Amino acid sequence: MKGDLKLFGAWPSPFMYRVIWALKLKGIHEYEHIEEDLKNKSDLLLKYNPIHKKIPVLVHHGKPICESLVILEYLDEIWPEKYKLLPTDPYERANAQFWLKYQEDLGSTILKVFLPDGGEEQERAVKESLEALKNIENALGDKKFFNGDKVGMVDLAYAWLLWQEMMQEVADVRLVDQQSFPKLWQWMINFKEAPIIKDNLPDRDEAMAHFRLELADLAKQA
């Protein structure tokens, strides 16, 4: 182990799970998990991430690395011999970086889909989200995972689609289903059943209860 590792996270954040999966895919099991209360953030979290004040934060040798995808790239560089998350081929790596950036740009739009009584803003978000999801499905094609036959960084990045699928059930909003996006739907099944991933997913019932509370809070703020 190259120094002590600490992971600051908050259940059931998909961004935290990206890091958990990456660590386990690389066979790194010795790390301290520190669960944060995002309504009462610890002094340590604020110390290690004073800019955004968000999780996840990975602390390695006492030095903090913030933002989930930055953490994943860091892990790939520090432990390159253990399960590559990004392709080694320059073109394939660049293509993966494109789709990593694409999902970041999409995130805020997807969230607007679940706004209570969102009106025109919500309708626009649904339209833009469906267009983006079609692009993602086309990029996936007939591959089992985005980079081929094994889970890679792009798959970890798009795993929020599993959370979105639970959110849409709670909110009674439909974006991704088997009829509209059959390839993405199959990818979600493949991802959930992949070794390491399937043993490290949040409990669905507990996560659904969490999302119901979140949506109720949003409705109160509206």
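Student: Which element gives the most to the lining of the largest pocket?
Tutor: This is a predicted model, in which local features need pLDDT of at least 70 and side-chain atom pairs count only at pLDDT 80 or more, while totals for chains, interfaces and linings use all residues. A pocket is an open set of points on a 1 Å grid with protein on both sides within 12 Å along at least five of seven lines, and lining residues have an atom within 4 Å of a point. Five helices (DSSP runs of H or I, at least four residues), namely α1, α3, α4, α7 and α9, each supply at least two residues of this lining. With nine residues, the element that gives the most is α4.

Student: Which residues lie nearest the centre of the largest pocket?
Tutor: Residues are numbered from 1 along each chain as its sequence is written, and side-chain values use heavy atoms, with hydrogens and water left out. The lining of the largest pocket comprises 46 residues, and those nearest its centre are Ser13, Pro14, Phe15, Leu111 and Glu214.

Student: How many residues does α4 give to the lining of the second largest pocket?
Tutor: Two elements, α4 and α6 (153-157), give two or more residues to the lining of the second largest pocket. Of these, α4 gives the most, its contribution being four residues.

Student: How many residues apart in sequence are the parts that Lys26 and Asp76 tie together?
Tutor: The side chains of Lys26 and Asp76 form a salt bridge (a side-chain nitrogen of Lys or Arg within 4 Å of a carboxyl oxygen of Asp or Glu), at 2.8 Å from N to O. Both residues are buried, that is, under 20% relative accessible area. Because Lys26 lies in the loop between α1 and β2 (32-35) and Asp76 in helix α3, the pair ties together parts separated in sequence by 50 residues.

Student: Which residue is linked with Lys26 and Asp76 in a network of salt bridges?
Tutor: A search of the whole structure finds eight salt bridges, the Lys26 and Asp76 pair being one of them. The network that links Lys26 and Asp76 also takes in Lys84.

Student: Is Glu137 buried or exposed?
Tutor: The side chain of Glu137 meets that of Lys134 in a salt bridge with an N to O distance of 4.0 Å. Both residues lie in helix α5 (residues 119-140), three residues apart, about one turn of the helix. Lys134 counts as partly exposed at 35% relative accessibility, whereas Glu137, with a relative accessible area of 5%, is buried.

Conventions:
On a 1 Å grid over the protein atoms alone, a cavity is a set of points where a 1.4 Å probe fits but cannot get out, and a pocket is an open set with protein on both sides within 12 Å along at least five of seven lines; lining residues have an atom within 4 Å of a point. Buried means under 20% relative accessible area, exposed over 50%, partly exposed in between (1.4 Å probe, protein chains only).
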